[in-house]
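This briefing sets out the fold, the principal pocket and selected residues of one protein chain. It should be read alongside the sequence and the coordinates.

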Amino acid sequence: GQLGAVNVAGPHSRELLASLTDIDLSAEAFPYMGAREGTFAGADSLMMRVGFVGELGYEIHMLPSDLRIAVNKIMAAGEIFGIRPFGVEAQRLLRLEKGHIIVGQDTDGLTNPYEAAMPWAVHTKKDKFVGKRSLQILKKKKTRTLVGFTLASGNGETIPDECNLVIDGNEICGRVTSVSESATLSCVIGLAYVDDKILLRGGNIYIRINGGVLVEAKVVPLPFYDPEGLRQENRPAGISG
């Protein structure tokens, strides 16, 4: 809580930051999800190679007074690369393309990891951990799953809003948690909880947008963009099926 943080992401982030730190930022010395301590812009820092936005990138954690100086040096050194600050809305769209959830938006107080398509986060082979028994019970009672969807039409008038309902016949069978129009993918993408019985049946789902109109959507694999994580290594990315 006493540190400030900044994220630098993009294909030139390694080259840019390497000129400001004594930490070895090479892929071999500093792999994805790694953390290293050292000097950055002349002050103590903790660097983490993480990628909520799905690109090669680094988080830099420092004392706020040091970070203010460091950010100015980052922006100055990044001019030759065309560096620009990016805001929350850009971050939210990039993370959606990667299928990264926002806790509190794509989850709530009743959501469990199995519903949120994150079973990998539960290490059931451990003998004991807080909540293990409860999670085992919830896994057996699971009735819905967070899935990705795209729309057949990119028409802005048909884009659902977050919290619009998934409808099957006259029954509510899910809700949209995140949705946006992706310029990268040239289509509308989103996340929604959908009842497992609907998913098992297969076929498209229907979302009731504001005004009561039903919009047809296709369930697709996550992530929408760069399913192999190549952008984390600064390599050309693909699009999921």
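Helices and strands are here DSSP runs, of at least four residues for a helix and at least two for a strand, numbered from the N terminus. On that basis, strand E1 contributes 4 residues to the lining of the largest pocket, the most of any element. The model is a predicted one. It comprises 5 helices and 10 strands, and buried residues account for 40% of its 241 residues.

**Overall architecture**

- Along the principal axes, the C-alpha atoms of the chain occupy a box of roughly 65 × 50 × 30 Å.
- Of the contacts between residues at least 6 apart in sequence, 56% link residues at least 24 apart.
- The chain has an accessible surface of about 13600 Å², and carbon and sulfur atoms supply 54% of that surface.
- The chain carries 26 positive and 28 negative charges, and the mean positions of the two sets lie 9 Å apart.

**The largest pocket**

- The volume of the largest pocket is about 580 Å³.
- Its lining consists of 23 residues, and those nearest the centre are Ala9, Gly10, Ile83, Arg84 and Phe86.
- Two or more lining residues come from each of strand E1 (4–9), helix H1 (13–18), helix H2 (64–77) and helix H3 (88–97).

**Helix H2 and Lys73**

- Lys73 belongs to helix H2.
- Lys73 has a relative accessible area of 38% and is therefore partly exposed, as this class lies between the 20% and 50% limits.
- Beyond its neighbours within four places in sequence, Lys73 makes contact with Leu20 and Ala41.
- Lys73 and Leu17 are 56 residues apart along the chain, and their C-alpha atoms are separated by 9.8 Å.

**Helix H3 and its packing**

- Within H3, the buried residues are Arg95, Leu96 and Glu97.
- The buried residues of H3 pack against two strands, E7 (171–182) and E8 (187–195).
- Gly99, just after H3, adopts a positive phi of about 70 degrees.

**Strand E5 and helix H4**

- Arg144 lies in strand E5, which covers residues 144–151.
- The relative accessible area of Arg144 is 17%, so this residue is buried, the limit for that class being under 20%.
- When residues up to four places away in sequence are not counted, Arg144 touches Thr111, Glu115, Tyr193, Val194, Asp195 and Asp196.
- Leu138 is part of helix H4, residues 132–140.
- Leu138 is classed as partly exposed because its relative accessibility is 35%.
- Leu138 and Tyr114 are separated by 24 residues in sequence and by 8.1 Å in space, C-alpha to C-alpha.

**Backbone geometry**

- Most residues other than glycine have a negative phi, and most peptide bonds are trans.
- Ser186 has a positive phi, near 60 degrees, and is a residue other than glycine.
- Ser186 sits in the loop between E7 and E8.
- With a relative accessibility of 64%, Ser186 is exposed.
- Asp226, likewise not a glycine, has a positive phi of about 55 degrees.
- Asp226 is located in the segment after E10, and its relative accessible area of 1% places it among the buried residues.
- The peptide bond that leads from Leu222 to Pro223 is cis, with omega near -5 degrees.
- Pro223 is found in the segment after strand E10 (214–220).

**The loop between E9 and E10**

- Ile209 is placed in the loop between strand E9 (205–208) and E10.
- Ile209 is buried, its relative accessible area being 10%.
- Ile209 and Ala27 are 182 residues apart in sequence, and the C-alpha to C-alpha distance between them is 45 Å.

Notes. Residues numbered from 1 in each chain as written. Predicted model: local features only at pLDDT ≥ 70, side-chain atom pairs only at ≥ 80, totals over all residues. Heavy atoms only, no water. Buried < 20%, exposed > 50% of the residue type's maximum accessible area, 1.4 Å probe, protein only. Contact = heavy atoms within 4.5 Å. Areas by Shrake-Rupley, 256 points an atom, 1.4 Å probe, with all protein chains shown as cover. Lys, Arg positive; Asp, Glu negative; His and termini not counted. Charge placed at Lys NZ, Arg CZ, Asp CG, Glu CD. 1 Å grid on protein atoms, 1.4 Å probe; cavity = no way out; pocket = protein on both sides within 12 Å on 5 of 7 lines; lining within 4 Å. Points joined across faces, edges and corners; volume = space filled by probe spheres on them.
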